[in-house]
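Student: I'm new to this one and would like a close look at a single part. Could you walk me through the place where the two domains of one chain meet?

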2 protein chains.
Amino acid sequence: MRKLALDALDQLTLGATLLGTGGGGDPFIAKLMVEQAINDHGPIDIVGLDELPAAAQLATVAVVGAPTVIIEKIPSGSEFADAVRALVSYLGRDIDAIMPVEVGGMNTLIPLAVAAELGVPCVDADGMRRAFPQIEMTTFTLAGLSASPMSLADEKGNRIAFETVSNQVGEKLVRGSAMMLGLANALAAYPMTVAEARDAAVWGSMQFCSEIGGLLRAVQRQEEGSWDRFLDFADGRVVFDGKIIDLDRRTTTGFARGTVTIEDFADPSRTLRIEIQNELLLAIENGRPVVTPPDLICMLDFETAEPITTESLAYGQRVRVLGLPCADGWKRDGMLDIVGPAAFGYDVDYVPLKG
Amino acid sequence: MRKLALDALDQLTLGATLLGTGGGGDPFIAKLMVEQAINDHGPIDIVGLDELPAAAQLATVAVVGAPTVIIEKIPSGSEFADAVRALVSYLGRDIDAIMPVEVGGMNTLIPLAVAAELGVPCVDADGMRRAFPQIEMTTFTLAGLSASPMSLADEKGNRIAFETVSNQVGEKLVRGSAMMLGLANALAAYPMTVAEARDAAVWGSMQFCSEIGGLLRAVQRQEEGSWDRFLDFADGRVVFDGKIIDLDRRTTTGFARGTVTIEDFADPSRTLRIEIQNELLLAIENGRPVVTPPDLICMLDFETAEPITTESLAYGQRVRVLGLPCADGWKRDGMLDIVGPAAFGYDVDYVPLKG
């Protein structure tokens, strides 16, 4: 077990923004919630999956909605503990620890604040080690675990509990309800034991997030050899350096969708098109897929190396696009059915970044 | 307590079709469910509110969705008991009797089948004594009771439990979820004690429905004086006799909406326009409101006196339009806020049929 103190939050937040792959909601708001929680309750306990009893009960918490809405409708905080309490009353048993469903975006940090408020530890593991737009897109689903029962709460006191026949149906129902509740709600889902999580989760994703955040900070400080150390740790590569020349955005069916086109600095005949569905999902260079889901597309400001979220994309921005391989926890039969290009409606084959 | 046997079903079903005011779903499908239940479990117990202990626990059950969908997506039956079981597990206490939320349309009969399946009596009372398109449009809401917790179930095994800050928000959330689940789902709602129901419900609505059904059957058989006896019991009047000359229908935002225009047989300058939102809601003769909610508009085939549901309306149909006053249980402060013309978006004053 280790303690997360205020001074460790900076690099965790930066890592979360990077792993949000442009989406997952702006972690800055969630960081304020965690700071408040640490001030109120002291440093937060972070535990590994091997440090808890196998029978201990876990649940994930997350904000669900569209990032473009979440930045304008800031979570009040109490709805997350409300969602967990609704789940507890539905399960008929207490939650021993909170786990992030995605380490990437604001949902990396919210579980920390909720764990502190509930007085339980937060588990260093998750179901994505990146952000994905849909609830069923987890290594938990891949391992056959149910997202149900799950509960949705808003800041006004409305609560909805779901028990669904599949995680795909669950996603559809939660999304529909979130649209009715204003598209920025608290979800408690994937109740599971530690034994189940040991099999299904990506281990150590908080630690990974914190380390990659620290290495990116070194890049931003232009420390000697920092780019090499960063890419080496992430096992990734620079895919494209260029300028945004086209941008199309729309919020439809509960998601922030869009397309961004980038032109190479030196060679205008080279363009990279990135498809967005809350996150940066698919990168196509001159018709050829170069980064495909579940691998990560991260976009940085070319000068400052600050990660760019999809809602702050702008025409004329100078950017660096990175490709990072997905966590090893994804490498199971059925991965492409859940998070491959076709799962997002793209008629493209998966091209692994790492063979 | 009385027993509902198979031979009493015919006039109850006819009464339910009439009180459905063109909506509420076709009771014929629900009648088949009740026949099956009586065959399986024997005659169904119907009890008055004064025959149960004040502390006994009631809940209402209903199909929720659009009538135009329900006739094509027939309920399988098991989802209703599922919805009640989900509510029971949420409440943490058993249900002692089932009550209809609306006596009008198929939701008059479904509670009987569910009561038989669960082995509890069905209460002779409801929250409307007609059909209305929205969950919060009940004398229960008027008396300050909450529709929550309530639970929605589909035929596949999906269940959703709602706890909302108002019945209006509950309607919005249930409607949204029902749209995702295919718009024909089972709802268990308005858990209340018998003491609460005694204050809030319309008493004896099943009995009223059965009697008015019997009197309408007599009209259909062209028995001597049957029209007078029918209108006298219903306290209603014939509003219009004519031919449908225009019909506009659309299923939007979870409702079957539309407008039907009828021309007087003798005088083509007299037309009656009726606005539909699942039910026949507002009747306007040459610009003047003649029947306004919560009073009932019932449309009969002019020749056979068979009630016409909104989904079977057709151009050229010859119809008789009746106006019936709403149940006395509606006469409380706040009625027009919940079920007056403005509650349906009509900019028209309430014109009571009965002064």
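Tutor: In chain A, 37 residues of domain 1 are in contact with 36 residues of domain 2. Keep in mind that what you're looking at is a predicted model. To find the two parts, look for domain 1 of chain A at 2-205 and domain 2 of chain A at 236-344. Their centres, taken over C-alpha atoms, are 24 Å apart.

Now for the surface they share. Domain 1 and domain 2 of chain A bury about 2,800 Å² between them, and 68% of that is on carbon and sulfur atoms. As for charged pairs, the count between these two domains of chain A is one salt bridge. You can pick it out by finding A:Arg332 and A:Asp199, whose side chains meet at 3.1 Å, N to O. Polar contacts turn up too: seven residue pairs make them across the interface of domain 1 and domain 2 of chain A, with both residues at pLDDT 80 or more.

Which helices supply the domain 1 side of chain A that touches domain 2 of chain A? At least two residues each come from α1 (9-19), α3 (67-70), α6 (139-142), α7 (167-180) and α8 (194-200) of chain A. Of these, α1(A) gives the most to that side, with four residues. Sort the domain 1 side of chain A by class and you get 17 nonpolar, 13 polar and seven charged residues.

While you're in chain A, follow α6 onward to a backbone oddity. A:Pro149 sits in the loop between α6 and β7 (150-153) of chain A, and a cis peptide bond joins A:Ser148 to A:Pro149, with omega about -15 degrees. Most peptide bonds are trans, and most residues other than glycine have a negative phi. On that second point, have a look at A:Asn278, which isn't a glycine yet has a positive phi of about 65 degrees. A:Asn278 is in the loop between β13 (271-277) and β14 (279-285) of chain A.

Finally, step back to see how chain A sits with its partner. A turn of 180 degrees, with a shift of 0.0 Å along the axis, lays chain B on chain A with an RMSD of 0.0 Å. That is the relation of a two-fold axis. In chain B, the C-alpha nearest the axis belongs to B:Ala161, 2.4 Å from it. The copies meet through the same surface, because 100% of the interface residues of chain B are also interface residues in chain A.

Technical notes:
Residues are numbered from 1 along each chain as its sequence is written. Chains are lettered from A and ligands numbered from 1 in the order in which they are written. This is a predicted model: local features need pLDDT of at least 70, side-chain atom pairs count only at pLDDT 80 or more; totals for chains, interfaces and linings use all residues. Side-chain values use heavy atoms; hydrogens and water are left out. Copies are superposed by least squares on the C-alpha atoms of residues with pLDDT of at least 70 in both. Contact means heavy atoms within 4.5 Å. Domain bounds come from an automatic or database domain assignment. Buried area is the accessible area (1.4 Å probe) that two parts lose on being put together, summed over both. A salt bridge is a side-chain nitrogen of Lys or Arg within 4 Å of a carboxyl oxygen of Asp or Glu. A polar contact is a pair of N or O atoms within 3.5 Å; within protein, one must be able to donate a hydrogen and the other to accept it, and residues adjacent in sequence count only if both atoms are side-chain atoms. Ala, Val, Leu, Ile, Met, Phe, Trp, Tyr, Cys and Pro count as nonpolar, Asp, Glu, Lys and Arg as charged, and the others, Gly among them, as polar.
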